[in-house]
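Reader: I am new to this structure and should be grateful for a close look at a single part of it. Could the account begin with one helix and its surroundings, and then follow the chain outward from there?

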Amino acid sequence: MADEVVVSFHNSLLRDSDVSLLDGPRWLNDKLIGFVFEYFEHIQFVDKVDNIAFISPEVTQFIKMSPEDEVGIFVTPLELQNKDHIFLAVNNNSSYSAVGGSHWSLLVFNRQEQQFTHYDSMNRSNTQEAKQLLLQLQPLLTETGMANFIEASCPQQSNGYDCGLFVIAYTEYLCEKYITGKTAPMREAVTQRIVSGKRRELKRVIEEMSKAER
């Protein structure tokens, strides 16, 4: 059976096999997280993209695994120098180009504070990978070539497969906080129940986009 294209949106393309990951207790892949980042950039937070950057999981992996002298090849076209907040989905895959890994987390760069903050829903499982990204990016993003690294205290997943959804929920919460000054604690806005419900929300968004393309 052909793996049909469901939706094509900017640089993101989702097939039936990608969307099916939303149906049950399954780990989200880079295609789905990349799609949501595109949705945030071009629809949900479109009025604020001058100040916020969402880096796709594929590009983040290239940055993490590239030789230090080649990182600029991926970073320069992104025009990050004027972005106040930069969001990166971190994966523990150790391959330069192959799909894989078993855990997602979120790394956020705050230009004003010259700081990278790491949000991990599984007890700092991706700290090493997040610090690897910091080492690659801090020479290009900071004024001094050095940045602080903070492990955030954040809501934790209660299962082994919702890490990608937590990355999405963390990102959405933080964007709303930066844009609107939202003050509700993250522990109230990002709960396991709310995060689990995002599977239905995302599938609805994808279905509506797919219908609009026909």
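Author: The following account begins with helix α3 and then turns to other parts of the chain. The model is predicted.

Helix α3 covers residues 57–65, and its buried residues are Pro-57, Thr-60, Gln-61, Ile-63 and Lys-64. Viewed down the axis of α3, these buried residues fall within an arc of 160 degrees, so they line one face of the helix. What do the buried residues of α3 pack against? Their partners include both helices and strands: α2 (30–44), α4 (71–75) and α5 (127–141) on the one hand, and β3 (52–55), β4 (85–91) and β5 (104–110) on the other.

Helix α3 also has a part in the largest pocket, since two or more of its residues belong to the lining. The other elements that give two or more residues to this lining are β2 (12–15), α2 and β3. The pocket holds about 500 Å³ of space. It is lined by 24 residues, and those closest to its centre are Asn-11, Glu-38, Glu-41, Phe-54 and Ser-56. The element that gives the most to the lining is α2, with 8 residues.

Strand β2, one of the elements in that lining, shows a regular pattern along its length. In a regular strand the side chains alternate between the two faces of the sheet. In β2, Ser-12 and Leu-14 point to one face and are buried, whereas Leu-13 and Arg-15 point to the other face and are not buried. Strand β2 runs antiparallel to β1 (residues 5–9), to which 4 bridges join it. The two strands form a hairpin with 2 residues between them, and His-10 in this hairpin takes a positive phi near 55 degrees.

Val-5 offers a view of the pairing from the other strand, as this residue is found in β1. The residue that stands opposite Val-5 in β2 is Arg-15. Although Val-5 and Arg-15 are 10 residues apart in sequence, their C-alpha atoms are 4.2 Å apart in space. Leaving aside neighbours within four places in sequence, Val-5 is in contact with Leu-13, Leu-14 and Arg-15. Is Val-5 buried, partly exposed or exposed? Its relative accessibility is 40%, so Val-5 counts as partly exposed.

Leu-21 lies further along the chain, in the loop between α1 (16–19) and α2. This leucine is buried, with a relative accessible area of 9%; the cut-off for a buried residue is under 20%. Not counting residues up to four places away in sequence, Leu-21 touches Arg-26, Trp-27, Asn-29, Leu-32 and Arg-199. Of these contacts, Leu-32 is 11 residues from Leu-21 along the chain, and the C-alpha atoms of the two are separated by 8.7 Å.

Two further loops each hold a residue with a positive phi. Glu-79 is found in the loop between α4 and β4, and its phi is near 50 degrees, a positive value in a residue other than glycine. Gln-114, in the loop between β5 and β6, is likewise not a glycine and has a positive phi of about 50 degrees. How do the two stand with regard to burial? Glu-79 counts as exposed, at 54% relative accessibility, while Gln-114 counts as buried, at 15%.

The loop that holds Gln-114 leads to strand β6. Strand β6 (residues 115–119) pairs with strand β7 (residues 148–151) in the parallel sense, over 4 bridges. Between these strands the chain passes through α5, and this β-α-β crossover from β6 to β7 is right-handed. One of the bridges joins Phe-116 to its partner in β7, Phe-149. Helix α5 is also among the elements against which the buried residues of α3 pack.

The last residue to be considered is Val-167, which has its place in helix α6 (residues 163–180). Val-167 is buried, with a relative accessible area of 1%. Which residues does Val-167 touch, not counting those up to four places away in sequence? They are Phe-37, Ala-89, Trp-104, Ser-105 and Leu-106. The C-alpha atoms of Val-167 and Glu-151, which are 16 residues apart along the chain, are separated by 14 Å.

Methods
Residues are numbered from 1 along each chain as its sequence is written. This is a predicted model: local features need pLDDT of at least 70, side-chain atom pairs count only at pLDDT 80 or more; totals for chains, interfaces and linings use all residues. Side-chain values use heavy atoms; hydrogens and water are left out. Buried means under 20% relative accessible area, exposed over 50%, partly exposed in between (1.4 Å probe, protein chains only). The arc is that of the directions from the helix axis to the C-beta atoms. Contact means heavy atoms within 4.5 Å. Two strands pair if DSSP finds at least two bridges between them. A crossover is right-handed if, with the strands pointing away from the viewer, the path from the first strand over the helix to the second runs clockwise. On a 1 Å grid over the protein atoms alone, a cavity is a set of points where a 1.4 Å probe fits but cannot get out, and a pocket is an open set with protein on both sides within 12 Å along at least five of seven lines; lining residues have an atom within 4 Å of a point. Grid points are joined across faces, edges and corners, and a volume is the space filled by probe spheres set on the points.
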